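Trainee: Could you take me closely through one part of this model? I would like to hear about the salt bridges, and then about the core.

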Amino acid sequence: MIRIAAPALALLCLTACEYREVEREIGYKGKARVNPWLAAERFIGRLGYETQPVISWTEPDYGDAVWIVPASILSNVSFTRSMEEWVRDGGHLILLVERTDSATNDWRGRHAPPSIEQALTEMLRRGGISLETSGDARAREVEFQGKSYKVDAESDAVVALNEAEGGVFATTECGDGRITVVTDGRIFRNRWIDERDHAALLAALVDSGGGDGRVGIARDSGLSFWSLLREHLSPILLAGAVCLLLWLWRNMSRFGPVESAAPPPVSRGYDHHLEALGHFHWKLDHAAALLARSRAQVAEFGHRSSLAAGRGDADLHSFLAERAGLPPERVARALSDDAPGDPNAFTRITADLQKLLATLHQPPMP
């Protein structure tokens, strides 16, 4: 009855507890969760352009009109040289500096610092654009081709044209093409592209490409399987680590209980083998086989000594008792074929036989 009442009482107490509902945004689901530029891709597609998602670095094709590229991708001279040649031949490069990481959660308020390589800085400088990663730039409005667009942008990177004042947006013609730098890539991400004039600015930048070519949208890097595990499967990983620690504690000697201080029994010593052999013969026939050889030797040597002394076999026991100084009863018991009844009797018989053999090997007293 108590076993049933106790859980019921616990459930009743829990139903009476106060609680508070908290609503928290955790982000998008599906493709939008792993691709922060999905909304931009679909928006550009509705404008009539063919979009080309770029997962890993490939050189831009001459049939591409616009490329939207995170700054972290252009990480060496080979990449920047290919991109610069494409721009001078008529391509439009839209370079995003900060908040371009595909794995960044837009609801946590944290982002990785911008990664700008020297090769990219030199490429921009040749085009008349200076980019600094240490600063503080904010903008609520940017101008492009004579039009003003309301934005909500801020970043640690500062971009400027030649000697102009730095900010979050800069664009200039380069050869037959154009380079546009937006330091805050957040304005084109899924969460913020529908705010203010972010989508309108993106449309104007794409339309300025001046062609019907494709629009390439590059990602900084592919998602890592282990990063997804750390982000979404941390409880399972923690449980696995606890199970591993318990298994180690149970199976490894250094984590297990302290061993006994008593040393293990010695089972390979010579005395142990002798003891085991004697125990075997005692269980077999009370060591009668061990006594048979000694008895035969005593009888043989005693018979010879008795004949040499002229006593004969009839008086063998008396003869041996006189020679060894033992009572005749003990000599008769030692030479009989009976097995000893207990270990003490076996010890006495063995001692008497040894004494008889030692006496018979000595020359007789004159």
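Mentor: Here are the salt bridges, followed by the nonpolar cores.

This is a predicted model, where local features need pLDDT of at least 70, side-chain atom pairs count only at pLDDT 80 or more, and totals for chains, interfaces and linings use all residues. Residues are numbered from 1 along each chain as its sequence is written, and side-chain values use heavy atoms, with hydrogens and water left out.

Side chains of opposite charge can pair when their charged atoms come close. A salt bridge here is a side-chain nitrogen of Lys or Arg within 4 Å of a carboxyl oxygen of Asp or Glu. The count by this rule is 12.

Take Arg214 and Asp61. Their closest N and O atoms are 3.6 Å apart. Arg214 sits in strand β10, and Asp61 in the loop between β1 (51-54) and β2, so this bridge ties together parts 153 residues apart in sequence. Helices (H or I, at least four residues) and strands (E, at least two) are DSSP runs, numbered from the N terminus. Arg214 is partly exposed, at 25% relative accessibility. Asp61 is also partly exposed, at 41%. Buried means under 20% relative accessible area, exposed over 50%, and partly exposed in between (1.4 Å probe, protein chains only).

Next, Asp184 and Arg99. Their side chains form a salt bridge at 3.3 Å, N to O. Asp184 belongs to strand β9 (residues 177-184) and Arg99 to the loop between β3 and α5 (118-126), so the pair links parts that are 85 residues apart in sequence. Both Asp184 and Arg99 are buried.

Glu173 and Arg178 pair at 3.6 Å, N to O. Glu173 is exposed, at 57% relative accessible area. Arg178 is buried, at 15%. Elsewhere, shared partners join Glu98, Arg99, Asp184 and Arg186 into one salt-bridge network.

Now the core. A nonpolar core is a set of buried Ala, Val, Leu, Ile, Met, Phe, Trp, Tyr and Cys residues joined through side-chain atoms within 4.5 Å. The largest has 29 residues, and Ile44, Ile68, Val142, Phe188, Leu201 and Leu202 have the most contacts inside it. Elements giving two or more residues to this core include β2 (64-70), β5 (137-144) and β10 (214-218). Helix α6 gives the most, with 5 residues. Leu201 touches Val142, Phe144, Tyr149, Val151, Ile187 and Phe188, leaving out residues up to four places away in sequence. Contact means heavy atoms within 4.5 Å. Apart from this core lies another, of 25 residues, among them Val69, Leu74, Leu120 and Ala170.
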